[in-house]
Structure formats: structure tokens, C-alpha cells
Amino acid sequence: MPTRVPHPKMAHFVDRTRHRLTQLHQRTVPPYAAMMEFMVNAWTAQAISTAVELGIPDALRDGPLQLDELATRVDANPDAVRRLLRALIGRGIFRQRADGSYELNSLAGPLRSDAPLSVAGIARLLGSRQHREHWSHLADAVRTGRAVVPALHGVERPFDYLDQEPELSEVFNRAMAETSEMTVGPLLAAYRFDAYPTVVDVGGGVGQLLAAILAATPTSRGVLYDLRHAVAEAPELMRQHQVAERVRVTEGSFFDGVPAGGDIYVLKNVIHDWPDDKAVEILRNVRAAAQVGTTILLIEYVIPDHGREFLGHWTDLEMLLMQAGRERTIAEHRALLGDAGFEMTRLLATASPLSLVEARAV
């Protein structure tokens with residue numbers, strides 16, 4: 001059953017309300033105690049990642065298990081599993097029943113690898129040794145304003161290091177597919193693709209977003225364009241979504257060019273990966289492939305003009321670490337698009353933290 005998508009105004013009202021409640025919570029404890037809660041969140045994230053790595057959510061998929069049976073299924077020490085789950089249950093993740101057995105609850109459910117909107121891949125990526133190492137260099141990135149990943153791994157382009165680590169590459173691609181799955185509902189609720197016979201998904205990875213767009217728009221065809229390792233599993237996914245006959249999967253780099261012939265070019269979380277000069281280079285390659293009047297749709301965390309909690313503030317630091325990329329304000333997006341030969345037409349909010357920046361080739 002598809003997840004119901006709230007209206008963007010309602011979603012943003014909830015965000016504002018949560019912000020006020022968070023402020024209230026912080027004011028009910030001494031500042032040092034509130035700060036300790038913030039810092040211990042790093043341990044919480046690692047515990048979640050460990051539970052996923054061990055396979056605990058998947059082991060509990062079919063129902064509750066006693067500790068010894070659960071530990072046997074995940075091949076772990078029973079006492080250590082008990083202590084891990086005790087900590088997570090204190091944060092509202094998992095549940096222990098009156099008979100002592102453990103089970104999934106609403107927060108633990110999405111940690112299953114086969115959950116409808118799974119976050120298991122994201123948990124594994126953020127808890128990986130490599131990702132923790134990258135964030136340990138945040139001070140270096142802030143001091144210099146430069147990315148740390150290329151120097152750490154001895155590569156010219158940030159994503160090239162994934163070629164050196166096939167297992168991490170698989171985890172990364174799964175995490176990106178999961179973020180696309182979470183994007184699908186809010187995006188399709190906010191934007192219609194009926195007017196575009198050919199949809200080109202630039203940097204679309206395995207193609208989760210494109211498959212959803214085509215499933216909702218049966219008169220359109222699609223082109224999925226990304227690096228070889230990113231699109232390796234795309235044909236199978238397209239068959240699962242019953243859109244394979246309407247999709248052409250093309251391997252390549254958007255720094256070398258972009259497939260021509262699209263009526264709309266969709267770039268989800270692509271531009272934020274790169275500094276301004278590289279972002280303009282990508283956009284100019286799209287412009288070179290597009291005819292005058294062709295639409296480009298950027299799906300990005302557009303930095304708002306308020307100071308409340310916003311996911312994009314944190315992904316902005318991730319971009320700094322990875323490849324000196326950044327999240328941008330709407331004015332900054334408008335300037336990049338203008339430099340590349342596009343004119344911005346509108347900004348659309350969604351029920352997610354992502355916004356849609358629409359422009360047309362001029």
C-alpha cells in the first residue's frame with residue numbers, strides 16, 4: 001500500500017511544531033545535559049548501524065524471538081545483544097515483551113532490508129568504517145574549505161574511490177536507492193510528468209526514481225544515465241517495476257556529456273555533490289544536449305531562509321567532506337542555472353526536505 005503523502009504546507013507546519021517542542025525540551029534541562037544528549041547521538045547512530053549489520057531487524061521480521069534464539073540467528077554473543085537492544089529500546093527502537101522476547105516496533109521496522117521504505121542501506125553506509133573516518137576529518141575540511149576524501153584515498157574525483165572498495169560501493173548504491181524510494185511519493189505528489197514524452201534521469205543510479213516516474217506516467221519513455229557501477233542493477237529493477245520496455249540504460253559520466261533528446265532532464269541530488277565550477281560544467285552539458293525550451297528539474301535540499309533544524313544543513317557538511325560540494329539557497333541555484341544557459345521558472349516545495357527547482361533552456 002503506498003504511503004500517504006501529506007500536503008507540503010502540513011509537513012512544514014509539523015516541522016515548525018517539532019522545532020518548538022525540541023526547544024522546549026532543551027530548556028527543561030541544564031545546558032550541559034542537553035549538550036550531552038547531542039553528543040551521545042553519535043553512539044545511537046552506531047548502535048543502529050550495528051543492529052542492521054548483524055541482521056537483527058531481519059531476524060525479527062516474522063515475529064518475536066527470545067534472546068538466545070535471536071543471538072543464534074545473528075551469530076552474536078547473547079549478553080552483548082541484550083545490552084545493544086537495551087540501549088536502543090531506551091531510544092524507542094525495538095520492543096521487549098512481557099515474556100522477555102524481542103520484537104520490531106514502528107521505528108525498528110524500516111531497518112529491515114525488505115521494508116517498503118527501508119533505511120537499512122543508509123544505516124550501513126553511515127555506520128561504515130569509511131564514513132566514520134571521513135567525518136573524523138571534519139575539522140580539516142572546515143579549516144581549509146576543501147574536501148578530505150580525494151586526498152585520503154588518493155583519487156582525483158571523489159566517487160572514484162568507490163571503485164577501490166566494491167563492498168562499500170554496493171552499500172552506497174543501496175543507500176542512494178533508498179533515498180530515492182523515500183523521495184518518490186513527495187515528488188510525484190508535487191510534480192506531474194505527463195507533458196514530457198522523454199524523461200532523462202541524469203546521475204540516476206539504479207533508477208528507482210525514474211521507474212516510479214514512468215510507472216505513474218505510462219505514456220512517457222525514459223533514459224537512465226550514470227556510471228557503469230551505478231546502473232549495474234538497473235535493468236532488473238526496471239523489470240520489477242514493469243517499465244523495462246520503456247527505459248534505455250546508458251553508461252557514462254555527466255562530465256563527458258549527457259544523452260540528447262530529452263523533454264525533461266531530472267537531476268536528483270547531483271548538483272549538491274560539486275563545487276560551483278563543476279556544477280556549472282554538468283549543467284552546461286545538460287544544456288548542450290537540450291533544445292531551447294527543454295525543462296530541467298533539480299531535486300535538492302534548498303537551504304531555507306530560517307534558522308530551524310533542517311536536514312540540508314547536515315548534508316551540506318557531508319558534501320564539504322566528500323567533494324567540496326554544498327547545499328545552496330534558491331538564489332545560488334538561480335545563478336548556477338543562469339551561467340549554464342537556463343532560466344529558472346519556479347521553486348516547488350514537497351512534503352520531504354527536498355525541493356524542486358524547475359528551469360528551461362534559453
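This is a short tour of one predicted protein chain, from its overall build down to a handful of residues.

## The whole chain

Let's start with the big picture. The predicted model has 16 helices along with nine strands. Its radius of gyration is 22 Å, close to the 21 Å that the globule rule gives for 362 residues, so the chain is as compact as a globular protein of that length. If you draw a box around the C-alpha atoms along the principal axes, you get roughly 65 × 45 × 45 Å.

How much of the chain is tucked away? Buried residues account for 47% of the 362 residues. As for who touches whom, take the contacts with a separation of 6 or more: 67% of them join residues that sit 24 or more positions apart.

## Surface and charge

The accessible surface adds up to about 18700 Å², and carbon and sulfur atoms hold 54% of that. On the charge side, there are 38 positive and 45 negative side chains. The centres of those two sets are 6 Å apart.

## Around helix 6

Helix 6 runs over residues 120-126, and three of the residues picked out here belong to this stretch or its flanking loops. Ahead of the helix comes S118, in the loop that links strand 2 (102-103) to helix 6. With a relative accessibility of 0%, S118 counts as buried because the cut-off for that is under 20%. What does its side chain hold on to? A polar atom of the S118 side chain lies 2.8 Å from the backbone oxygen of R112, and the side chain also makes a polar contact with the side chain of E178, at 3.4 Å. Beyond its neighbours within four places in sequence, S118 is in contact with P110, R112, S113, R174, E178 and E181, so R112 and E178 turn up again in that list.

R124 is inside helix 6 itself. At 30% relative accessibility, R124 counts as partly exposed. Setting aside neighbours within four places, R124 is in contact with S49, V52, E53, E167 and V171. A216 is another matter: 92 residues from R124 in sequence, and 30 Å from it in space, C-alpha to C-alpha.

On the other side of the helix is S128, in the loop between helix 6 and helix 7 (129-135). S128 counts as buried, at 11% relative accessibility. A polar atom of the S128 side chain lies 3.2 Å from the backbone nitrogen of H131.

## Two glycines

G222 is part of strand 4, which covers residues 221-226. Is G222 buried or exposed? Its relative accessible area is 4%, so G222 is buried. Leaving out neighbours within four places in sequence, G222 is in contact with V199, L210, L214, R246, V247 and R248. Take R248 from that list: it is 26 residues from G222 along the chain, and their C-alpha atoms are separated by 6.4 Å.

G325 turns up in a loop instead, between helix 15 (311-323) and helix 16 (330-340). At 5% relative accessibility, G325 counts as buried. Not counting residues up to four places away, G325 touches H272, D273, W274, P275, D316, M319 and L320. D276 is 49 residues from G325 along the chain, yet the C-alpha atoms of the pair are separated by 7.8 Å.

## Two positive phi angles

Now for some backbone geometry. Most residues other than glycine have a negative phi. Which residues here go the other way? D75 has a phi near 55 degrees, a positive value in a residue other than glycine. F94 also has a positive phi, near 75 degrees, and is not a glycine.

Both sit in loops, but their surroundings contrast. D75 is in the loop between helix 4 (67-74) and helix 5 (78-90), and counts as exposed at 72% relative accessibility. F94 lies in the loop between helix 5 and strand 1 (95-96), and is buried, with a relative accessible area of 3%.

Conventions
Residues are numbered from 1 along each chain as its sequence is written. This is a predicted model: local features need pLDDT of at least 70, side-chain atom pairs count only at pLDDT 80 or more; totals for chains, interfaces and linings use all residues. Side-chain values use heavy atoms; hydrogens and water are left out. Helices (H or I, at least four residues) and strands (E, at least two) are DSSP runs, numbered from the N terminus. The radius of gyration is taken over C-alpha atoms; the globule rule is 2.2 Å times the number of residues to the power 0.38. Buried means under 20% relative accessible area, exposed over 50%, partly exposed in between (1.4 Å probe, protein chains only). Contact means heavy atoms within 4.5 Å. Accessible areas come from the Shrake-Rupley method with a 1.4 Å probe; for residues, only the protein chains shown count as cover. Lys and Arg count as positive and Asp and Glu as negative; His and the chain ends are not counted. The place of a charge is taken as NZ of Lys, CZ of Arg, CG of Asp or CD of Glu. A polar contact is a pair of N or O atoms within 3.5 Å; within protein, one must be able to donate a hydrogen and the other to accept it, and residues adjacent in sequence count only if both atoms are side-chain atoms.
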